[in-house]
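Got the viewer open? Grab your selection tool and follow along, one stop at a time.

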Protein chains: 2
Amino acid sequence: MPVGTQATVKGLTIDQVRATGAHMILGNTYHLALRPGHETVRKLGGLHGMTGWDGPILTDSGGFQIFSLDAINDISEEAATFRSHLDGAVIRLTPEHSIEIQESLGSDVAMVLDHVVALPAERDLVQDAMERSIRWAGRCLNAATREDQAKFAIVQGGLDVELRTQCARELASMDFQGYAVGGLSVGEAPSEMYRITAATCPELPEDKPRYLMGVGRPIDLLESVARGIDLFDCVMPTRNGRNGLAFTDGGSLKFKNAIHREDNRPIDETCPCLACKHSRGYLRHLFNAKEMLGPILLSIHNLTYYQTIMQGARAAIERGEFDAYLAEKKRGWGEVASA
Amino acid sequence: MPVGTQATVKGLTIDQVRATGAHMILGNTYHLALRPGHETVRKLGGLHGMTGWDGPILTDSGGFQIFSLDAINDISEEAATFRSHLDGAVIRLTPEHSIEIQESLGSDVAMVLDHVVALPAERDLVQDAMERSIRWAGRCLNAATREDQAKFAIVQGGLDVELRTQCARELASMDFQGYAVGGLSVGEAPSEMYRITAATCPELPEDKPRYLMGVGRPIDLLESVARGIDLFDCVMPTRNGRNGLAFTDGGSLKFKNAIHREDNRPIDETCPCLACKHSRGYLRHLFNAKEMLGPILLSIHNLTYYQTIMQGARAAIERGEFDAYLAEKKRGWGEVASA
């Protein structure tokens, strides 16, 4: 899912998002609740009405942003309290309020409010946050009033397999339409993330989507698919694109580098995206001249690339050749062995 | 002509430029000669190859930028000398070199190098610059080697009708494919610009295009069409769009204004552009949240609006109803009388 934090995938018109091959996009509850405010979003027709996106939209719960604002928050059993990064206003977010906001935003999938802890952390702290996340998940389910909005639970438990599997089993026994693995991609080694994902997925229902939140690099997506994940969101394709980096099957290209100056080749001649109708030399010029079109074109390319590798993964799974697909991609990316 | 100073109409992909209805775009010789350099542009397939634009492209000569850099330039009969705004390098531009650069850029229309003076100015200075512009126009014509590139001359002469008509007559006797009125829209009153345009156009060949450089507001375009102008370029639609201003038949809307916060109406329900598929409230949110998509969408809208009023002008001329068309537009814009 391309990330549309503030009700826009940065730099792209909604038809350009669609042209990348994306089926589903994400919005951030925390940011939208602060600006323009969820009541305003509702009056403007919800995220669908504002953005014009006619596919499904998932909203996060605000939990991860509370975690990102660690220094200025206080979490009790009742609520998370923190300060707005915009104006310093004190905000109190309960599981019930997170659902109320997401119902106003009008997303198709709402995430439960969870308690994320910074890693590494004491086991007691991780366990406490995990157990609170389960109780909060139940409160979210009880608070929901919209039948047309799916609810996804979030598995917590840090890097502890025992806590993760306990959390996954308890959430799996509750009536959610999908399950996320949260609290990862927060600085731990990829191998740790893969280990936790591999241990968690078997505990989740086979017939419901599994979503690894905030991940990641192309290799992280495929390694996680290998471990049972279906759904991802990440700002990497757009953020790295804005910073001049393009993903390809042969690794990444940096367009702030002068080597591309007179290169007439496209990023990838097999890629159908708009950026690949231009030369590397032109893209290099756009970044060198600080033109908006550089970030726009590389965001389009990277989102298209992410969709392409995921389409390739789906096709390889259907052919029963996913392992070979993963190995081939890793060779191209210069990754020598599975982490 | 939408302005693509650095080989990109700021914020728009080339298919978005095409979708505004534009037939022809402009690039700036001064900027492109400095970065990425005209030899690099040539190696990357010229402006057409870089941008992917398949319609005609016009390049200016660098004359206006020399004028904008007034404080740091020296103009002799042989050349204009000035410092690069990028790295301070001393650049010497002759009429011959301007044509050589434009031939490398591969534009379809090259402008002659002219000597623009800041207004108001002493008559002697204006006359001297005008006469030099005529001599330089001749040198440009002699220097040209590409048969596939049209050359347009530029009429100078400040706000002096006698000097303007003298310049226009002399240039009209030379073999150019088109004629521009230059040195206007530099701070003088619109009425002065209209007066000079009205006096100059009758001296130019009827069967060749007439181009008013660097103009302007929607009303300036139509008032100048009334006086005989065919072709315009201006950064206003994109620059004002980036700053949150949208042009409409009812005047302009400022999207940094909170009045639009919960407004579900589009900018203009009759406009076919992408921005008008969204609500004013969404556009307001994008500007408030400093999202790239705000500038992108308003640039698209404003370019579409400029093309729409020019299409309307062409149709009205063919019906013989241009005066009524102009009067109607002026009523909408809140302009009470012809300047």
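How many residue pairs are in polar contact between chain B and chain A? The count is 22, with both residues of each pair at pLDDT 80 or more. That cut-off comes up because you're looking at a predicted model, where side-chain atom pairs count only at pLDDT 80 or more.

**Stop 1: where the chains meet**

Colour by chain and select the residues of chain B in contact with chain A. You should pick up 40 residues of chain B against 40 residues of chain A. Now for the secondary structure on the chain B side: helix 1 (14-19), helix 3 (38-43), helix 4 (46-51), helix 12 (280-288) and helix 13 (293-319) of chain B each bring at least two residues to the side that touches chain A. Recolour that side by residue class and it splits into 16 nonpolar, 15 polar and 9 charged residues.

The size of an interface is often quoted as the accessible area lost when the parts come together. Here chain B and chain A bury about 3300 Å² between them, and 56% of that sits on carbon and sulfur atoms.

Which charged pairs cross over? The rule finds 4 salt bridges across the interface of chain B and chain A. For one of them, select Glu262(A) and Lys43(B): their closest N and O atoms are 3.3 Å apart.

**Stop 2: two domains in chain A**

Hide chain B for a moment. The domain assignment splits chain A into domain 1 (14-234) and domain 2 (239-333), so give each range its own colour. The C-alpha centres of the two domains of chain A are 28 Å apart. Where they touch, 16 residues of domain 1 of chain A are in contact with 20 residues of domain 2 of chain A.

Domain 1 and domain 2 of chain A bury about 1400 Å² between them, 77% of it on carbon and sulfur atoms. On the domain 1 side, show Thr20(A), Pro218(A) and Leu222(A) as sticks: these lose the most area to domain 2 of chain A, and together make up 44% of what that side buries.

What about polar links here? The rule finds 2 residue pairs in polar contact across this domain interface, both residues at pLDDT 80 or more. Next, select helix 10 (residues 218-226) of chain A, which gives the most to the domain 1 side, with 7 residues. By class, that side of domain 1 of chain A has 8 nonpolar, 5 polar and 3 charged residues.

There is 1 salt bridge across the interface of the two domains of chain A. While you're in the area, pick Lys330(A) and Glu223(A), which form a salt bridge with closest N and O atoms 2.8 Å apart.

**Stop 3: more salt bridges**

Over all chains, the count comes to 42 salt bridges. Here are a few to click on.

- Asp249(A) and Lys329(A): their side chains meet at 2.9 Å, N to O. They come from distant parts of the chain, 80 residues apart, with Asp249(A) in the loop between strand 11 (245-248) and strand 12 (251-254) of chain A and Lys329(A) in helix 14 (residues 322-333) of chain A. Asp249(A) is partly exposed at 32% relative accessibility, whereas Lys329(A) is buried at 10%.
- Arg42(B) and Glu39(B): the closest N and O atoms are 2.6 Å apart. Both residues lie in helix 3 of chain B, 3 residues apart, about one turn of the helix.
- Arg135(B) and Glu77(B): here the closest N and O atoms are 2.7 Å apart. This pair spans 58 residues, from helix 7 (residues 123-143) of chain B to the loop between strand 3 (73-75) and strand 4 (80-83) of chain B.

For a group of four, switch to chain A and select Glu77(A), Asp128(A), Arg132(A) and Arg135(A), which are linked in a network of salt bridges.

**Stop 4: Thr94(B)**

Last selection: Thr94(B), in the loop between strand 5 (90-93) and helix 6 (95-105) of chain B. Is Thr94(B) buried or exposed? At 10% relative accessibility, Thr94(B) counts as buried, because the cut-off for buried is under 20%.

Draw a distance from the Thr94(B) side chain to the backbone nitrogen of His97(B): a polar atom of that side chain lies 2.9 Å away. Then, leaving aside neighbours within four places in sequence, show the residues in contact with Thr94(B): Glu78(B), Ala79(B), Leu113(B) and Arg139(B).

Methods. Residues numbered from 1 in each chain as written. Chains lettered and ligands numbered in written order. Predicted model: local features only at pLDDT ≥ 70, side-chain atom pairs only at ≥ 80, totals over all residues. Heavy atoms only, no water. Contact = heavy atoms within 4.5 Å. Buried area = accessible area lost by both parts, 1.4 Å probe. Polar contact = N/O pair within 3.5 Å; in protein donor to acceptor, adjacent residues only side chain to side chain. Helix = DSSP H or I, 4+ residues; strand = E, 2+ residues; numbered from the N terminus. Nonpolar A, V, L, I, M, F, W, Y, C, P; charged D, E, K, R; others polar. Buried < 20%, exposed > 50% of the residue type's maximum accessible area, 1.4 Å probe, protein only.
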